[in-house]
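Okay, thanks for coming, everyone. I've got one structure to walk through today, so let's pull it up and start with the cysteines.

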Amino acid sequence: MMSVREINPKETTRSSAFDLWMKAPNPMVTFFKTYDVMPLVAASKNRDMKFNMLLDFCIGKAAASIKEFYLLPVGNKLMQYDKIAVNTIVANKEGEVSSCDIAYIDDLEQFNADYLKYTKEVHDTCSDHDLSDEYMVIGTSAIINVELDGAVGMNSGIFNNPFMIWGKYRIENSKALLTISFQFHHTQMDGAHAGRFLKNLQEEIERMR
């Protein structure tokens, strides 16, 4: 059974947005939010799991309950997906970067196992692990050697996937503060949907305590 299919925008709640934003010069919108990620820092140490894996898992879980994440404008079409994945950028053995998609599953232990398996494979082979034909992929990029006040992704006109960027968290008293940017195509969702996702993400981070 196919997990992605073209749908008629007129038969969805995104009909007006499709008409308004598909041909806009810059249909991408970027929000910034600063999180206290100390629960992830503690969970990383206590469970011996990677910080970025935990954040990727929280991103997938925060998105999974929002139906707009299962839609994506591709070319001039609106596509419907059944599954979500989270992409992570991997430093490979050649000192360059490769791309790795991790299918979201609501099981932290299995997600962690998949994350470790596929990021190692990508590191060793220097080849991307791509699930984009089957999954609506949320892109991420972690610039872990510098604290960022914000980052805006590019509007390529080719890749319309939602995208998140963060840097190194900073410690302030008992908090670990991390500013995350979230870029999305306005055809896919409105600001209210994006805001709900960012609120969900805050709640998922808190649940890691």
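Before anything else, the cut-off: a disulfide here is a pair of cysteine sulfur atoms within 2.5 Å. And keep in mind that what's on the screen is a predicted model.

So, how far is the sulfur of Cys126 from the closest cysteine sulfur? It's 13 Å, and the partner in question is Cys100, which is too far for a bond. Cys126 counts as partly exposed, at 26% relative accessibility. Now take Cys58. The closest cysteine sulfur to that one is again in Cys100, at 18 Å, so a bond is ruled out by distance there too. Is Cys58 buried or exposed? Buried, with a relative accessible area of 1%. And if you search the whole structure, you get zero disulfides.

Right, on to the strands. There's an open sheet of three strands here, in the order β1-β4-β3, and the pairing is antiparallel. Which strands stand at the edges? Those are β1, residues 4-7, and β3, residues 71-74; each has a single partner strand, so one side of each is left without a neighbour in the sheet. On average, neighbouring strands of this sheet are turned by 35° against each other, ignoring direction. If you zoom in on β3 and β4, the latter being residues 77-81, you'll find four bridges joining them. As a landmark, look for Val74, which stands opposite Lys77 in β4.

Next pair: β5 and β6. These two run antiparallel and are joined by seven bridges. They make a hairpin with five residues between them, and in the turn Gly95 has a positive phi of about 85°. The landmark here is Asn87, standing opposite Asp101 in β6.

Now the part I guess you've been waiting for, the empty space. The largest pocket holds about 710 Å³. It has 27 lining residues, and closest to the centre you have Ser132, Val137, Phe159, Asn161 and Phe163. Which elements supply at least two residues each of that lining? That would be β3, β5 (84-91), β6 (97-103) and β7 (136-142). The largest share, three residues, comes from β3, so to speak our edge strand from a minute ago. By class, the lining splits into 13 nonpolar, 10 polar and four charged residues.

The second largest pocket comes in at about 450 Å³. Its lining has 18 residues, with Asn52, Ile89, Tyr115, Ala142 and Ile144 nearest the centre. Two or more residues each come from α3 (51-64), β5, α4 (108-125) and β7. Here β5 gives the largest share, four residues. The classes are 11 nonpolar, five polar and two charged.

Last one: closed space. How many cavities of 30 Å³ or more are there? The count comes to one, and that cavity has about 40 Å³ of space. The residues around it are Glu147, Leu148, Gly167, Lys168, Tyr169, Arg170, Leu177, Leu178 and Thr179. Strand β10, residues 175-185, gives the most to that lining, with three residues. By class you get four nonpolar, two polar and three charged.

That's my tour. Let's go back to the picture and talk.

Notes: Residues are numbered from 1 along each chain as its sequence is written. This is a predicted model: local features need pLDDT of at least 70, side-chain atom pairs count only at pLDDT 80 or more; totals for chains, interfaces and linings use all residues. Side-chain values use heavy atoms; hydrogens and water are left out. Two strands pair if DSSP finds at least two bridges between them. Axes are lines fitted to C-alpha atoms, for helices over the stretch in contact, and angles run from 0 to 180 degrees between N-to-C directions. Buried means under 20% relative accessible area, exposed over 50%, partly exposed in between (1.4 Å probe, protein chains only). On a 1 Å grid over the protein atoms alone, a cavity is a set of points where a 1.4 Å probe fits but cannot get out, and a pocket is an open set with protein on both sides within 12 Å along at least five of seven lines; lining residues have an atom within 4 Å of a point. Grid points are joined across faces, edges and corners, and a volume is the space filled by probe spheres set on the points. Ala, Val, Leu, Ile, Met, Phe, Trp, Tyr, Cys and Pro count as nonpolar, Asp, Glu, Lys and Arg as charged, and the others, Gly among them, as polar.
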